[in-house]
Amino acid sequence: MTRSARLHADGKTRCPWPGEDPLYVAYHDTEWGVPEFDDRALYEKLILDGFQAGLSWITILRKRDHFRNAFDDFQPDKIAHYNAKKIHALMNDAGIVRNRAKIEGTIASAKSYLKIMEEGAGFSKLLWDFVDGKPKVNQFKTTASVPAATPLSIKMSKELSSRGFKFVGPTIVYAFMQATGMVNDHLVTCFCHESCAGKRRSPRLKVK
């Protein structure tokens, strides 16, 4: 379906996908497409995009706080040491998406993340180097023009897979690149299209 940006009651024109859902609109306005450079935050987003596979992002967004609590605030050093008992507990946690392969993939990806952090300049630099360290700004007018994957997401997907990350197919990776501001895919008539590139994600408070 071809969809253009839509005017909301607050006078702002937005991409059509958040609809009128307040949580989704807030995510669209303040997070999606804003450049994220924090290593751990990028790991969290990549994992959540993996959990989204086969579901809608709003489903994950509504569960995100519970995910953070269940997965120790997505601290890779803790997740890498999860054992069978912890996996069993997660499989019985109705607040997350209970998928054993994705849970085990999260652990494998944490181990791969830690290896990258130990060996090189960091996870963020590895990923942002694919776009030369700055957002790629697209000029799409309708959602029909926005790709599901690109040669760049295929390249990043292969790199992550080769390093042991799980659930990092080209489509998941492209959604991740959009969300973390590596590509700016807000429609050109959306008010966020111009503002996103100049923003930088603020560190969020730790979950208590």
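In this predicted model, methionine 182 touches Leu42, Leu127, Trp128, Val131, Lys134, Pro135, Lys136, Met156, Phe176 and Met177, when residues up to four places away in sequence are not counted. Methionine 182 also belongs to the largest nonpolar core, a set of 46 residues, and is listed there among those with the most contacts inside the core, together with Phe67, Phe71, Phe123, Met156, Leu160 and Met177. Many helices contribute to this core: at least two of its residues come from each of helix H1 (22-30), helix H2 (39-52), helix H3 (57-70), helix H5 (84-91), helix H6 (100-119), helix H7 (123-128), helix H8 (151-162) and helix H9 (170-179). Apart from this set there is a second, separate core of 8 residues, which includes Ala5, Cys15, Cys192 and Cys196.

The cysteines of the second core lead to the matter of disulfides, of which the structure holds 0. The sulfur of cysteine 15 has its closest cysteine sulfur in cysteine 190, at 3.8 Å, and because a disulfide requires the two sulfur atoms to be within 2.5 Å, this separation is too far for a bond. Cysteine 192 is likewise in no disulfide, the nearest cysteine sulfur being that of cysteine 190, which is 4.3 Å away. Both residues are shielded by the criterion used for burial: cysteine 15 has a relative accessibility of 1% and therefore counts as buried, since the limit is under 20%, and cysteine 192, at 0% relative accessibility, counts as buried as well.

Turning to the open spaces, the largest pocket has a volume of about 570 Å³. Its lining consists of 23 residues, and those that lie nearest the centre of the pocket are Trp17, Trp32, Gln52, Ala175 and Gln178. Two or more lining residues are given by each of the elements H1, H2 and H9, and among the contributors H9 gives the most, with 6 residues. When the lining of this pocket is divided by class, 15 residues are nonpolar, 4 are polar and 4 are charged.

Helix H9 also contains isoleucine 172. This residue has a relative accessible area of 16%, and it is therefore classed as buried, a term that applies under 20%. Leaving aside residues up to four places away in sequence, isoleucine 172 touches Asp49, Gly50, Ala53 and Phe167. A separation in the chain can also be set beside a separation in space, as isoleucine 172 and isoleucine 154 are 18 residues apart in sequence, while their C-alpha atoms are 9.9 Å apart.

Enclosed spaces were considered separately, and a search of the whole structure finds 2 cavities of 30 Å³ or more. The largest cavity has a volume of about 60 Å³, and the residues that line this cavity are Leu46, Ile47, Gly50, Phe51, Lys102, Gly105, Thr106, Lys166 and Phe167. Gly50 and Phe167, which appear in this lining, are also touched by isoleucine 172. Helices H2 and H6 each supply at least two residues of the lining of the largest cavity, with H2 giving the most, namely 4 residues. By class, the lining of the largest cavity divides into 4 nonpolar, 3 polar and 2 charged residues. Helix H2 thus appears in several parts of this description, as a supplier of residues to the largest nonpolar core, to the lining of the largest pocket and to the lining of the largest cavity.

Methods. Residues numbered from 1 in each chain as written. Predicted model: local features only at pLDDT ≥ 70, side-chain atom pairs only at ≥ 80, totals over all residues. Heavy atoms only, no water. Core = buried A, V, L, I, M, F, W, Y, C linked by side-chain atoms within 4.5 Å. Buried < 20%, exposed > 50% of the residue type's maximum accessible area, 1.4 Å probe, protein only. Contact = heavy atoms within 4.5 Å. 1 Å grid on protein atoms, 1.4 Å probe; cavity = no way out; pocket = protein on both sides within 12 Å on 5 of 7 lines; lining within 4 Å. Points joined across faces, edges and corners; volume = space filled by probe spheres on them. Nonpolar A, V, L, I, M, F, W, Y, C, P; charged D, E, K, R; others polar.
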